[in-house]
Structure formats: structure tokens, C-alpha cells
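Student: Could you walk me through the cysteines and the charged pairs in this one? I'd like the reasoning along with the answers.

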Amino acid sequence: MKRIVFGLILSLVVACLVGSVRARDLDGRYANSPLKPWFDHLASGKGLCCSMADGESVADPDWESKDGHYRVRLENNWVDVPDDAVITEPNRAGRTMVWPIRFDNQISIRCFMPGSMT
């Protein structure tokens, strides 16, 4: 009986998580971008960036680096970027980007790609 209840609860949690994921490029405006294949394969230590969350550009005043760690301002709150969420390959897009996951009024960072901070 415990196994059945656990399975039902797990199924419900997975369904909620899947239902909360937002789709990307619904209108196809980025389908012909030369960077699309690069974005589609972009990953951090947490996995593929675009598979679970939409990327968002971040203005220079809304992110910072201190003592080798990053943080980003989202929805007027500073959020620490986990070290394994930082993308280590060169930034071909040029601008700072973050892939946040919003769930249950919390924001976690799936991927973060620092820009040039010009």
C-alpha cells in the first residue's frame, strides 16, 4: 500500500513539474537564427539549459560577480547562481543570459552565462 501511495504522490509531483515548464519559441521567430543549434545544445552542470526553462537576457546592472561566484537580480530579488549552473564555454551570444526555473514561488537557476559587462 505504501508503494502505491508513494507512486501516486511521485506521479503528481512529476505532472506538476512538467505542467509548469514553459515552451520556447512558440511563434518560431528564432527558428532561422544561426545561433539556434548552439542554444539548443547549451548546457551547464545541471543539464541542457533550454530543455527545462526559457533563457532571459540580463542587463549589466542586474548581475554581478564577487569572490568567483555570480548572482543575478530576478523579479527584484538577488538570486545566487549555483556554481554548477555556470556555463563554461565561450558566450557566442555576447549578452548575459540566465535560465531560471520558477516553481512554488521560488526561483532556481538552471543555467547562467555571463556576458562581457560593458
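Tutor: Sure, and one term comes up before anything else: buried means under 20% relative accessible area, exposed means over 50%, and partly exposed is in between. Keep in mind that this is a predicted model.

Student: Is Asp40 buried, partly exposed or exposed?

Tutor: The relative accessibility of Asp40 is 25%. Buried needs under 20% and exposed needs over 50%. So Asp40 counts as partly exposed.

Student: Which residue forms a salt bridge with Asp40?

Tutor: Look along helix H2 (residues 36-41), where the partner sits four residues from Asp40, so about one helical turn separates the two. The closest N and O atoms of the pair are 2.7 Å apart, and the partner is itself partly exposed at 27%. That partner is Lys36.

Student: Which cysteine forms a disulfide with Cys49?

Tutor: A disulfide needs sulfur atoms within 2.5 Å, and here they are 2.1 Å apart. The bond links distant parts of the chain: Cys49 is in the loop between strand S2 (47-48) and strand S3 (56-57), while the partner, 62 residues apart from it, is in strand S8 (residues 106-113). Both ends are buried, with 0% for Cys49 and 0% for the partner. The partner is Cys111.

Student: Is that disulfide of Cys49 and Cys111 left-handed or right-handed?

Tutor: Check the torsion about the S-S bond, which is about -100 degrees. That value makes the Cys49 and Cys111 disulfide left-handed.

Student: How far is the sulfur of Cys50 from the closest cysteine sulfur?

Tutor: Cys50 is buried, at 11% relative accessible area. The closest cysteine sulfur is in Cys49, but it is too far for a bond. The distance is 6.3 Å.

Student: Which residue does Arg102 pair with in a salt bridge at 3.0 Å?

Tutor: Arg102 is in strand S7 (residues 97-103), and this pair links distant parts of the chain, with a partner in strand S3, 46 residues apart. Arg102 is partly exposed at 29%, and the partner is partly exposed at 23%. The residue is Glu56.

Student: And which residue does Asp62 meet in a salt bridge?

Tutor: Asp62 lies in the loop between S3 and strand S4 (63-66), and the partner is in strand S5 (residues 69-74), so the pair ties together parts 11 residues apart in sequence. Asp62 is partly exposed at 24%, and the partner at 29%. At 2.8 Å, N to O, the partner is Arg73.

How values were computed
Residues are numbered from 1 along each chain as its sequence is written. This is a predicted model: local features need pLDDT of at least 70, side-chain atom pairs count only at pLDDT 80 or more; totals for chains, interfaces and linings use all residues. Side-chain values use heavy atoms; hydrogens and water are left out. Buried means under 20% relative accessible area, exposed over 50%, partly exposed in between (1.4 Å probe, protein chains only). A salt bridge is a side-chain nitrogen of Lys or Arg within 4 Å of a carboxyl oxygen of Asp or Glu.
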